[in-house]
Structures are given as C-alpha cells and as structure tokens.
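Me: I would like to go through this model in a series of questions, moving from the whole chain to single residues. Please reason each answer through before giving the value or name.

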Amino acid sequence: MHDNKPAELSIHFERASNLVLRPNMIIRASRIRVRFQGEEIARVKVQEAIQVPKLERVDQAIITYFDVDFKLWGTEQSAYQFSTWETLEVGEYIYPFALKFPNVNFPPSTDEPAGFRIQYKWSAHLDGASFQPGTRSRMYITPYRPIICSPPIKDWSLNITPRSQSLSQDAKILIHFPSKVFCPDEDVQLHLVTDNIPRNFTIRSVSYRLHKYTIGYMTQHKGYVKKSKMITILESFLAVQLSTESERIPFHIHIPTTLVSPSFKSRHLNVYYEIIFVLQYVDSKGIAGMAEFAAPVGITNLSNDHLLHVPNLTSVQSYMDSKEAPCFFDPVLDAPPTMRYSDNDGNTSPMNSPPCYFSLSDLPAQFIQKEREERTVFSSRIIQPGMANELGNPISVYPEYNGCDW
C-alpha cells in the first residue's frame with residue numbers, strides 16, 4: 001500500500017453480521033479478519049507518599065477474557081509456508097460472518113466507577129502483503145448481559161421497628177417482601193405490616209430508595225485500593241395513617257430498566273443493590289424521631305419461570321470455571337462445524353472421542369477451537385499531580401487486611 005490515503009475499513013451489523021471494506025485505492029493484502037474481544041480494565045490513580053515533591057501513580061490491570069478472530073478473505077496463516085497476497089481494486093466488498101457465543105456467562109458490560117470497565121468489542125483487520133503494515137477499523141463496543149435467572153420465590157420481612165420507650169416488646173413494624181430477587185421492569189408488591197402499635201405512637205411516613213452500588217477493587221504491593229459509586233435508581237414515600245393497632249398496608253415498587261443491570265462480582269468489580277427505608281414517627285411524648293434500615297436486593301434479568309423455557313439454561317457455566325470461547329463460523333451454516341479442541345501441543349481431540357484419543361484434524365485450522373486462556377497485563381507509571389483527571393482524585397492504599405473478603 002503506497003498511496004497517501006489509507007484504505008477505509010469498517011464493520012457494521014444488519015440482519016446478518018457483515019464486514020464492509022471500502023478501499024479508496026488499489027491495495028495488496030494477505031488476508032482480512034474480524035476480531036472479537038472481551039476484557040476487564042481496572043485503572044486507578046494513587047498518591048506516592050514517599051516522594052518529595054508529591055507525585056502520583058497510575059496503575060492499570062487489563063484482563064482479557066477472550067480474543068478470537070476469523071479469516072474472511074485471503075490465505076491461511078501457516079507456520080511452515082509463506083503467505084501469499086492478492087490485489088483488491090477500488091470499490092466495496094462485503095464479507096458476512098457469524099459468531100456462536102458459548103454456553104458461558106461472562107460479566108455484564110459496565111463503565112463504572114471511573115477507571116473501571118468491562119467491555120466487549122469488535123474490530124476488522126486487513127493484513128498487509130508480505131508482512132507489510134496493514135490497517136484496521138475502529139473499535140465497536142457491543143453491550144453484553146449474561147443470562148441469570150432468579151431463584152424460586154421466597155418471601156421475607158424486614159424489621160423496621162425503632163427503639164422507643166413508647167413501644168412494647170411485642171410491637172412490630174415490618175416491611176414484607178414477596179421475594180429476595182427481582183428483575184427490571186417488574187412491579188413488586190410490598191406491605192407495611194404493623195402489630196401492637198399503641199394509638200399514641202404515630203407513624204408519619206415511610207420513604208424508600210433503591211440504591212445501586214458499584215465497587216472497583218485492585219490489589220497493590222502494600223495493600224489494595226478501592227473506588228465506589230452509588231446511584232439512586234428510584235425513590236418515593238408512603239404516607240401512613242393507622243386506624244388500628246395492627247394493620248397491613250400494601251404499596252408497590254416498579255423496578256426500572258434504566259441504569260439497572262444484573263448483580264455480579266468479577267475480578268475487579270462488584271455490583272449490588274439495596275433498598276433504604278426511612279421511618280419517620282412521633283412517640284407518645286410528642287418527640288419526633290427517624291430510623292433508617294437497609295434491605296439487600298438481588299437483580300437478575302430473567303424470572304424463575306424462564307428456567308425451564310430457555311433451552312440449555314441449566315447447563316450455563318461461569319467464565320471462571322469454563323475454558324470455552326466464542327466461535328466464528330461460516331454464515332451459510334446454521335452452527336459451527338463439529339468442534340475440536342486443541343491442547344497446548346497442537347494435538348486435537350473430538351468432543352465425543354474416548355479419553356486420550358488424539359488424531360490429526362480434518363478441519364481447517366481456523367475451525368479448531370483452542371481453550372480460552374485469560375491473560376492479565378499490569379502497568380504502572382508516575383505522573384505529575386493534576387494529570388489523568390478522568391480518574392478523579394488520587395485514592396489511598398488500604399492495608400492488606402481490613403476484615404473484608406472481596
């Protein structure tokens with residue numbers, strides 16, 4: 001490729017997946033590939049305490065869950081034979097492709113808190129002739145959500161009875177939940193339950209807020225650093241007028257779809273939810289009081305009813321346990337060819353073959369699926385104060401032990 005203008009290379013998604021190459025000049029290339037990657041990034045800015053003047057340090061860890069590519073055009077890359085190249089004229093070239101995701105749950109996409117993110121990205125690559133530099137498209141980020149079902153429904157109650165001399169030991173104020181786990185766009189019917197509440201004890205209101213917490217964590221040489229972000233998903237209140245000593249007052253919460261993703265924990269991130277209830281009351285002496293209580297809440301994207309309706313759902317594995325990776329295949333097929341997995345020595349074994357039976361593969365090299373191997377790249381650099389503002393203020397390093405198990 002000798003012209004001044006680089007070749008344009010783009011990828012877009014229609015009813016089927018297509019890689020579109022629009023060269024604005026004659027190009028010579030050995031192959032065109034599509035690439036799919038999943039990665040988790042943890043990036044923090046910490047204070048260098050021993051430096052005078054004070055300096056700051058940016059530490060970064062990148063965990064690659066998988067990195068797969070697929071040849072759409074050109075020659076196969078070989079270890080024993082030099083790859084030839086071909087010429088592409090000016091015009092538009094469309095290369096369809098298909099991808100099968102394994103029956104594995106990876107962490108959902110996120111970009112919180114600042115410096116931490118989990119992303120799944122596509123790119124297209126054109127390899128130059130005879131190892132000359134090639135070109136590639138920009139990265140295309142695609143959102144991903146794992147398939148997680150709620151457990152069987154089991155109701156429970158949160159005790160929000162305040163400590164007050166106006167209440168006897170038998171007095172109870174409860175919030176009754178129909179379940180412990182909910183899904184986005186679900187209407188949740190709750191009940192405020194009171195029992196043995198004297199008439200001279202007045203409950204004015206019960207307010208509630210659904211909070212989402214995202215915690216980023218990274219180990220350091222002398223401990224660990226932690227960043228957190230809290231978002232209020234919804235908030236409202238329930239006005240209360242008690243007419244008897246014991247009542248059951250219904251109210252509902254609608255779990256929104258915006259800003260709500262499944263609860264999860266990964267190598268560096270933890271996302272969880274809780275509902276905060278604030279009880280405002282006036283005791284028998286006319287003294288106003290307030291009490292706050294927290295209820296843990298789990299969020300999934302499928303209710304328990306889907307457990308038997310989604311094919312092979314019960315065989316889904318965690319990415320921490322499975323070595324399977326996404327697999328590209330020819331889009332004219334309904335599914336990838338019979339998969340064979342390669343060990344570290346390059347030997348292959350059919351999925352249904354007896355143990356320790358190995359043979360030379362009769363499939364093209366790009367259809368032989370290697371076991372997924374996570375890799376972690378760590379980097380660190382010293383910066384002047386005020387740099388890397390996108391990471392916020394520098395954070396402190398905590399001692400290695402703080403009574404908390406990540």
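**From the chain to its residues**

Reply: In this predicted model, the protein chain has 406 residues, of which buried residues make up 45%.

Me: How many helices and how many strands are there in the protein chain?
Reply: The contacts in the protein chain with a separation of 6 or more include 72% between residues 24 or more positions apart. As for secondary structure, the count for the protein chain is zero helices and 26 strands.

Me: In what order do the four strands of the open sheet that includes S12 and S14 follow one another?
Reply: The edge strands, each of which pairs on one side only, are S11 (156-159) and S17 (247-255). The pairing in this sheet is antiparallel, and neighbouring strands are turned by 25° against each other on average, direction ignored. The order is S11-S12-S14-S17.

Me: Which residue in S14 is the bridge partner of Ile-175?
Reply: Strand S12 covers residues 172-177 and strand S14 covers residues 186-195, and the two run antiparallel, joined by five bridges. Strands of a sheet pair through backbone hydrogen bonds, either parallel or antiparallel. In S14, the partner of Ile-175 is Leu-192.

Me: Which elements give two or more residues to the lining of the second largest cavity?
Reply: The structure holds two cavities of 30 Å³ or more, and the second largest has a volume of about 40 Å³. Its lining consists of Phe-177, Phe-182, Val-188, Leu-190, Ile-253, Ile-255 and Ile-275, which by class gives seven nonpolar, no polar and no charged residues. The elements that contribute two or more residues to this lining are S14 and S17.

Me: Is Val-188 buried or exposed?
Reply: Val-188 is found in strand S14 and is among the residues that line the second largest cavity. Leaving aside neighbours within four places in sequence, Val-188 is in contact with Pro-178, Phe-182, Phe-251, His-252, Ile-253 and Ile-255; the C-alpha atoms of Val-188 and His-252, 64 residues apart along the chain, are separated by 5.4 Å. Because its relative accessible area is 4%, under the 20% cut-off, Val-188 counts as buried.

Me: Which residue in S20 is the bridge partner of Phe-182?
Reply: Phe-182 also belongs to the lining of the second largest cavity. Strand S13 (residues 181-182) pairs in the parallel sense with strand S20 (residues 288-299) over two bridges. The partner of Phe-182 in S20 is Ile-299.

Me: Which residue takes a positive phi in the hairpin of S19 and S20?
Reply: Strand S19 (residues 269-282) pairs with S20 in the antiparallel sense over 10 bridges, and Val-278 stands opposite Glu-292 in S20. The hairpin has five residues between the strands, and the residue with a positive phi, near 80°, is Gly-286.

Me: Why does Phe-101 count as partly exposed?
Reply: Phe-101 is found in the loop between strand S6 (93-100) and strand S7 (104-105). Not counting residues up to four places away in sequence, Phe-101 touches Phe-36, Phe-66, Phe-106, Tyr-144 and Pro-326, and its C-alpha atom is separated by 9.0 Å from that of Glu-324, 223 residues apart along the chain. Partly exposed lies between the limits of 20% and 50%, so Phe-101 falls in this class because its relative accessibility is 26%.

How values were computed
Residues are numbered from 1 along each chain as its sequence is written. This is a predicted model: local features need pLDDT of at least 70, side-chain atom pairs count only at pLDDT 80 or more; totals for chains, interfaces and linings use all residues. Side-chain values use heavy atoms; hydrogens and water are left out. Two strands pair if DSSP finds at least two bridges between them. Axes are lines fitted to C-alpha atoms, for helices over the stretch in contact, and angles run from 0 to 180 degrees between N-to-C directions. On a 1 Å grid over the protein atoms alone, a cavity is a set of points where a 1.4 Å probe fits but cannot get out, and a pocket is an open set with protein on both sides within 12 Å along at least five of seven lines; lining residues have an atom within 4 Å of a point. Grid points are joined across faces, edges and corners, and a volume is the space filled by probe spheres set on the points. Ala, Val, Leu, Ile, Met, Phe, Trp, Tyr, Cys and Pro count as nonpolar, Asp, Glu, Lys and Arg as charged, and the others, Gly among them, as polar. Buried means under 20% relative accessible area, exposed over 50%, partly exposed in between (1.4 Å probe, protein chains only). Contact means heavy atoms within 4.5 Å.
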